[in-house]
Structure formats: C-alpha cells, structure tokens
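Biologist: I would like a close look at one acidic side chain and its partner, and then at how that part sits in the rest of the chain. Please work outward from the pair.

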Amino acid sequence: MATVKTIKRLYRTESRLKTALFYALELLVDVLIIYVIVKGFSLAYSFSYEVFSDSAKNDGDTRPVIVTILPDSSIKTVSESLYDAGVIKNKYVMMVKIRLNGYGPSIRPGRYAISPSMTYNDIITLITTDPEQETTGRSDDGLIYGKT
C-alpha cells in the first residue's frame, strides 16, 4: 500500500507536470503570435515594395498581349483586365499605384498592346496618355502600342 510520502510525491510530480505543460502551451501560443506578426510585416513590406518600386512581371517576355479597356471602366476593372491578360503580377498593386498617383480619371479607353516586360509605370503611362505622344504609337487596326 502506498504511503503518505509516496502519495505526496506523486501529487507534487503531477502538479509540476501540469505546470510544465501549461508553460509549454503558453510558449507555443506566443511563438504562433510572433510568427503571425512577422508574416504580416513581411507581406506588408512586400506589397509596399511593389507599390513604390517599378517592376515588370517578366523582363524577358516582350510578346504583346491585347488588352481592351472599355469606356468608364473603374480602376478595379482595368487592373483586373491587365492581371487576367497576364501583363502584371498583382492587380492590387496596380489599383493602389493608379489611386495614389491620381491617374484614375485619366485612364483612356481603347485596345492596347501591352507586354509583360513593361513596368507598372510604363503601363500606366500607356493607358493614361494621348496615343499620339512619343511613347506610344497607333497601328492601322486601332491598337495602341507601348514601348516594349
């Protein structure tokens, strides 16, 4: 039969195990919270970097893709069209770039030949400026070409 000393020792051991398990679980929760915070900052930094830098989706891909912008298209619709055509990496970055720089009202409807090697700013310049300017050209079939 178990003595009183043995029972007390078992109770202390069980109490210590519960305490250790509690601290281990608390540590796990703390690590998960830190991971989520670091991941959030990482995503925010990456998004901000894309917004404030000027990069292309694929520098080596110069084949033009035809993108049609309809009259009265919203910034969201234009960004989605460009993303669906495969000429930009992130439609949300394009939306923020257009909105931050105030180009929303300047977007011109038309059919554009845009390549994935064009940067965000090149594309914005193409869709917001007069096609008769130096950076663009208009073909016989009505397409507006940018620098590729």
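What is the relative accessible area of E14, and which exposure class does that give? Which residue does E14 form a salt bridge with?

Modeller: The model is predicted. In it, E14 has a relative accessible area of 43% and is therefore partly exposed. The class follows because partly exposed covers the range between under 20%, which is buried, and over 50%, which is exposed. The partner of E14 is K18, and the closest N and O atoms of this salt bridge are 3.6 Å apart. K18 has 57% relative accessibility and so counts as exposed. Both residues belong to helix α1, which spans residues 4-52, and they are 4 residues apart, or about one turn of the helix. The general geometry is as follows: an α-helix has 3.6 residues a turn, so residues three or four places apart point the same way.

The count of salt bridges comes to 3, and the other pairs give E14 and K18 some context. Helix α1 also supplies E50, which forms a salt bridge with K89 at 3.4 Å between the closest N and O atoms. Here the pair links distant parts of the chain, with K89 in the loop between α2 and α3 and the two residues 39 residues apart. The classes are again set by accessibility: E50, at 17%, is buried, whereas K89, at 36%, counts as partly exposed. The remaining bridge joins the side chains of D61 and R63, with 3.3 Å from N to O. D61 has 17% relative accessibility and counts as buried.

Just past α1, in the loop between α1 and β1, is S53. S53 is buried at a relative accessible area of 14%, and its side chain reaches back to the backbone oxygen of Y49 at 2.7 Å. There is a comparable case at T129, which sits in the loop between α4 and β3 (137-138). The side chain of T129 reaches the backbone oxygen of T125 at 2.6 Å, and T129 itself counts as buried at 18% relative accessibility.

Now the wider setting. The protein has 4 helices and 4 strands, arranged along the sequence as α-β-α-α-β-α-β-β. Of its 148 residues, 29% count as buried. When contacts between residues at least 6 apart in sequence are taken, 62% join residues at least 24 apart. The accessible surface comes to about 10200 Å², and carbon and sulfur atoms account for 59% of it.

Next, the nonpolar interior. In soluble globular proteins, nonpolar side chains tend to be buried together. The largest nonpolar core of this model has 22 residues, among which L82, M94, I114 and I123 touch the most other members. At least two residues of this core come from each of β1 (65-69), α2 (75-85), α3 (91-101), β2 (110-114) and α4 (120-128). The largest share, 5 residues, is that of α4.

L82 is a useful place to look at this core. Leaving aside residues up to four places away in sequence, L82 touches V67, V87, I88, M94, I114 and I123. L82 is also one of the buried residues of α2, along with I75, V78 and S79. These residues lie on the same side of α2, because they cover an arc of only 95° around the axis. The cover over the buried residues of α2 includes β1, α3, β2 and α4.

M94, which L82 touches, is among the buried residues of α3, the others being V93, M95, K97 and I98. K97 appears in that list as a buried lysine, whereas K18 counts as exposed at 57%.

The ends of these helices can be described as well. After α2 comes G86, with a positive phi near 85°. At the start of α3, a side-chain oxygen of N90 comes to within 2.9 Å of the backbone nitrogen of Y92. Just after α3, G102 has a positive phi of about 75°.

To return to your pair: E14 and K18 both lie within helix α1, whereas E50, also in α1, pairs with K89 in the loop between α2 and α3. E14 is partly exposed, and E50 is buried.

Notes. Residues are numbered from 1 along each chain as its sequence is written. This is a predicted model: local features need pLDDT of at least 70, side-chain atom pairs count only at pLDDT 80 or more; totals for chains, interfaces and linings use all residues. Side-chain values use heavy atoms; hydrogens and water are left out. A nonpolar core is a set of buried Ala, Val, Leu, Ile, Met, Phe, Trp, Tyr and Cys residues joined through side-chain atoms within 4.5 Å. Buried means under 20% relative accessible area, exposed over 50%, partly exposed in between (1.4 Å probe, protein chains only). Contact means heavy atoms within 4.5 Å. A salt bridge is a side-chain nitrogen of Lys or Arg within 4 Å of a carboxyl oxygen of Asp or Glu. A polar contact is a pair of N or O atoms within 3.5 Å; within protein, one must be able to donate a hydrogen and the other to accept it, and residues adjacent in sequence count only if both atoms are side-chain atoms. The arc is that of the directions from the helix axis to the C-beta atoms. Accessible areas come from the Shrake-Rupley method with a 1.4 Å probe; for residues, only the protein chains shown count as cover.
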